[in-house]
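Thanks for coming, everyone. I'll keep this short. Let me put the model on the screen.

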Number of protein chains: 2
Amino acid sequence: MDVTIYEVARRAGVSIATVSRTLRGTGPVAPKTREKVLKAVEELRFTPSRLGVSLAEGRHAANGIVFPNLSGPYYTEVLLGYEEVASELGRSVVILSTKGRTRVHDLVKDLAGRVDGLMVFGHTAPDDLVAELVRMGMPLVFVSREPLAGADTLRSENTESARALARHLLEHGYRRFAFLGAPIATGDDVDERWQGVRSVLGGAIEAVPTEHYTVECGYQAARTLLRAPARPQAIVCSDDEVALGALLAAEELGLAVPDELAVTGWDDIMAARHARPALTTIRQPMRELGARAARALDELITGARDTPRHLVLTTELVLRASCGHHPQEEPR
Amino acid sequence: MDVTIYEVARRAGVSIATVSRTLRGTGPVAPKTREKVLKAVEELRFTPSRLGVSLAEGRHAANGIVFPNLSGPYYTEVLLGYEEVASELGRSVVILSTKGRTRVHDLVKDLAGRVDGLMVFGHTAPDDLVAELVRMGMPLVFVSREPLAGADTLRSENTESARALARHLLEHGYRRFAFLGAPIATGDDVDERWQGVRSVLGGAIEAVPTEHYTVECGYQAARTLLRAPARPQAIVCSDDEVALGALLAAEELGLAVPDELAVTGWDDIMAARHARPALTTIRQPMRELGARAARALDELITGARDTPRHLVLTTELVLRASCGHHPQEEPR
DNA sequence: CCAGCTTATGTAAGCGCTTACAGAAAGGCA
DNA sequence: TGCCTTTCTGTAAGCGCTTACATAAGCTGG
């Protein structure tokens with residue numbers, strides 16, 4: 001950190017331009033000169049300052065990622081896929097969580113000043129700042145959000161898989177349903193799941209809000225729902241965490257799942273697989289979502305592509321014990 | 001991004017020093033002058049370049065975090081606690097995953113050049129580079145690692161809680177045990193857990209390695225173990241993921257948990273709580289670990305403290321159904 | 001040996017911002 | 001009004017690095 005390119009140049013008896021060229025391979029350097037420079041670099045343990053390089057290059061070699069909170073396994077998996085690809089592409093990853101924070105506008109803006117592009121989950125960055133970043137030409141990729149002009153969007157399919165799930169429940173013979181975890185915003189992921197399910201089940205399903213999409217809120221809402229006189233036969237949950245909460249409520253109320261009540265989730269997080277009964281759910285390719293987002297962002301940053309693109313990744317119905325008995329049911 | 005401090009100065013009819021002073025509050029500025037500057041800033045939508053500021057200040061206002069992989073919920077929770085505090089302290093968080101990567105030495109070194117201090121999980125950064133970073137005076141906090149001269153270390157307590165767990169299993173009446181997920185390195189977390197358990201159970205427990213500390217490896221090792229003639233009555237697992245794998249193996253082999261086999265984990269991740277039977281485990285204060293690490297690193301960076309410190313956080317035995325029946329057992 | 005071309009190297013100008021220090025301006029008091 | 005003190009402002013020098021362009025050095029062929 002203390003050694004600068006000037007000291008290397010002095011020790012090697014060359015100019016700083018020659019040191020730079022040697023280290024970066026950006027121009028011709030005589031073999032003897034090269035040796036002298038590398039020797040000096042090694043003796044002085046010189047590492048170029050990231051700040052100096054970035055300022056001179058006019059680029060950060062870093063990507064930002066804005067997410068609501070990491071406590072949901074969903075975000076973790078996406079982040080992991082993203083970080084892996086970003087690293088392969090030689091980019092650091094700077095993270096920012098916005099949930100519960102004040103001055104989000106300032107936080108995101110600061111982040112934008114440190115990176116070459118941003119990936120943003122849904123609506124976690126303020127809309128006015130998003131509009132400004134788009135105007136400024138900042139490369140942006142949004143995950144789990146409706147298409148936005150001037151930026152890439154990437155999401156998993158919701159509607160068709162929701163339909164498939166609903167049809168499957170009908171095949172089990174259920175006729176009374178509830179959707180636990182009502183949509184907060186029109187057009188977001190949960191809304192699409194709701195719309196898909198409702199397009200198949202019609203008036204046979206009602207939406208029940210949860211305060212948040214968490215285990216605890218799912219538990220509370222399910223407990224209330226399951227104590228009412230007219231109990232649904234099956235609960236379709238917005239996501240796996242809410243579904244885990246519903247399982248807890250059923251357990252507490254002595255309702256056998258799936259014999260007395262069916263429960264489904266969405267995401268296929270680890271806890272969904274290890275719950276008993278294991279949750280029927282829709283598997284989201286979360287890591288691939290992150291990886292694709294990182295690649296898309298790289299294209300925008302390098303200029304390999306300058307027209308925004310909107311992608312939808314395939315999801316998959318995963319049948320397990322929580323929705324009913326299946327002849328060839330997988331054990332886990 | 002395109003607007004520089006020079007344009008603001010020109011528009012406001014003042015020097016760049018005055019613009020800087022106005023925005024940073026680092027010196028006296030006449031009220032009228034201040035208004036002119038702020039007006040120009042707003043009209044031009046000027047945001048100071050993070051790079052310029054950092055280079056001139058000689059600091060990044062960012063912390064780095066090096067971890068093996070995010071796929072374990074443990075790391076996620078620590079990271080969340082860390083990011084929350086770092087953000088409060090005005091620091092961005094730059095992440096780097098090292099598992100499965102080549103040139104880790106270079107990756108960590110690049111990261112070190114972008115931040116004011118680093119938090120490192122265990123041994124995920126190469127030892128020679130760690131020694132160099134210590135020599136250079138870089139602020140370092142290690143999590144889950146034995147004390148290291150020149151840097152802070154922070155870990156959760158292992159040995160006493162492992163003893164408490166072992167004693168509890170003895171109280172259930174078990175007399176034959178296995179430790180699933182043998183230690184890889186002397187002195188690391190899993191080794192301390194093993195040592196603690198063995199100090200109570202002595203020759204009644206044997207260590208069984210798993211290739212990795214994952215559900216899949218735990219499943220494979222447990223399946224092999226449980227098919228052998230001399231089956232243990234209780235399996236103490238290195239961590240919750242390995243324990244979840246052991247539960248899967250027991251389920252597949254038709255062994256009732258806890259009646260025919262007891263299983264315990266470590267960490268208290270979400271999936272451990274939602275498994276059935278719910279896992280008896282040791283709760284690690286993972287978020288607090290991350291939060292404390294971020295605060296410790298801040299003290300080192302700001303110079304509020306310059307002597308390394310070694311902290312151990314308390315862990316807690318959490319009794320659930322997987323180790324046996326308890327008179328007042330919590331439902332979840 | 002000379003001319004022309006290619007390879008190698010150094011100088012200077014930035015990239016965007018902070019701030020020490022010197023000087024100017026303003027205010028207060030005798 | 002003059003002097004002294006305080007407040008305000010601008011200039012210049014960096015922070016560490018990259019690189020365009022000009023020049024020097026080296027090599028090859030006639």
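I'll take the two DNA strands in turn, then one helix pair. Keep in mind that this is a predicted model.

Strand C to begin with. DNA strand C is surrounded by 26 residues. The closest are Thr18(A) and Thr33(A) from chain A, with Ile5(B), Ser20(B) and Ser49(B) from chain B. What share of the strand C atoms within 4 Å of the protein is sugar and phosphate? That share is 63%.

Now the individual contacts. Thr33(A) puts a polar side-chain atom 2.3 Å from a phosphate oxygen of strand C. For Ser20(B), again a polar side-chain atom to a phosphate oxygen of strand C, the distance is 2.7 Å. Ser49(B) uses a polar backbone atom, at 2.6 Å from a phosphate oxygen of this strand.

Which elements give two or more residues to this surface? From chain A, helix H2 (16–24) and helix H4 (50–57). From chain B, helix H1 (5–12), helix H2 (16–24) and helix H4 (50–57). By class, the surface near strand C has 16 nonpolar, 8 polar and 2 charged residues.

On to strand D. Here, too, 26 residues surround the DNA. The closest are Ile5(A), Tyr6(A), Ser20(A), Ser49(A) and Thr33(B). Of the strand D atoms within 4 Å of the protein, 62% belong to sugar or phosphate, and the rest to bases.

One base contact to look at: a polar side-chain atom of Arg21(B) sits 2.9 Å from a base nitrogen of strand D. Then two phosphate contacts. Arg24(A) has a side-chain N or O atom 3.0 Å from a phosphate oxygen of strand D. Ala30(B) has a backbone N or O atom 3.0 Å from a phosphate oxygen of that strand.

The helices at strand D are H1, H2 and H4 of chain A, plus H2 and H4 of chain B; each supplies at least two residues. The class count near strand D is 16 nonpolar, 8 polar and 2 charged.

Last item: helix packing in chain A. The axes of H1(A) and H3(A), residues 31–44, come within 9 Å and cross at roughly 125°. That angle makes H1(A) oblique to H3(A). The crossing is right-handed. H1(A) brings Glu7(A), Val8(A), Arg11(A) and Ala12(A) to the contact. H3(A) brings Lys36(A), Val37(A), Ala40(A), Val41(A), Glu43(A) and Leu44(A). How do these residues divide by class? There are 6 nonpolar, no polar and 4 charged.

That's the tour.

How values were computed. Residues numbered from 1 in each chain as written. Chains lettered and ligands numbered in written order. Predicted model: local features only at pLDDT ≥ 70, side-chain atom pairs only at ≥ 80, totals over all residues. Heavy atoms only, no water. Near = heavy atom within 4 Å. Polar contact = N/O pair within 3.5 Å; in protein donor to acceptor, adjacent residues only side chain to side chain. Helix = DSSP H or I, 4+ residues; strand = E, 2+ residues; numbered from the N terminus. Nonpolar A, V, L, I, M, F, W, Y, C, P; charged D, E, K, R; others polar. Axes fitted to C-alpha atoms, helices over the stretch in contact; angles between N-to-C directions. Parallel < 35°, antiparallel > 145°, perpendicular 65-115°, else oblique. Left-handed = near helix turned anticlockwise from the far one by under 90°. Contact = heavy atoms within 4.5 Å.
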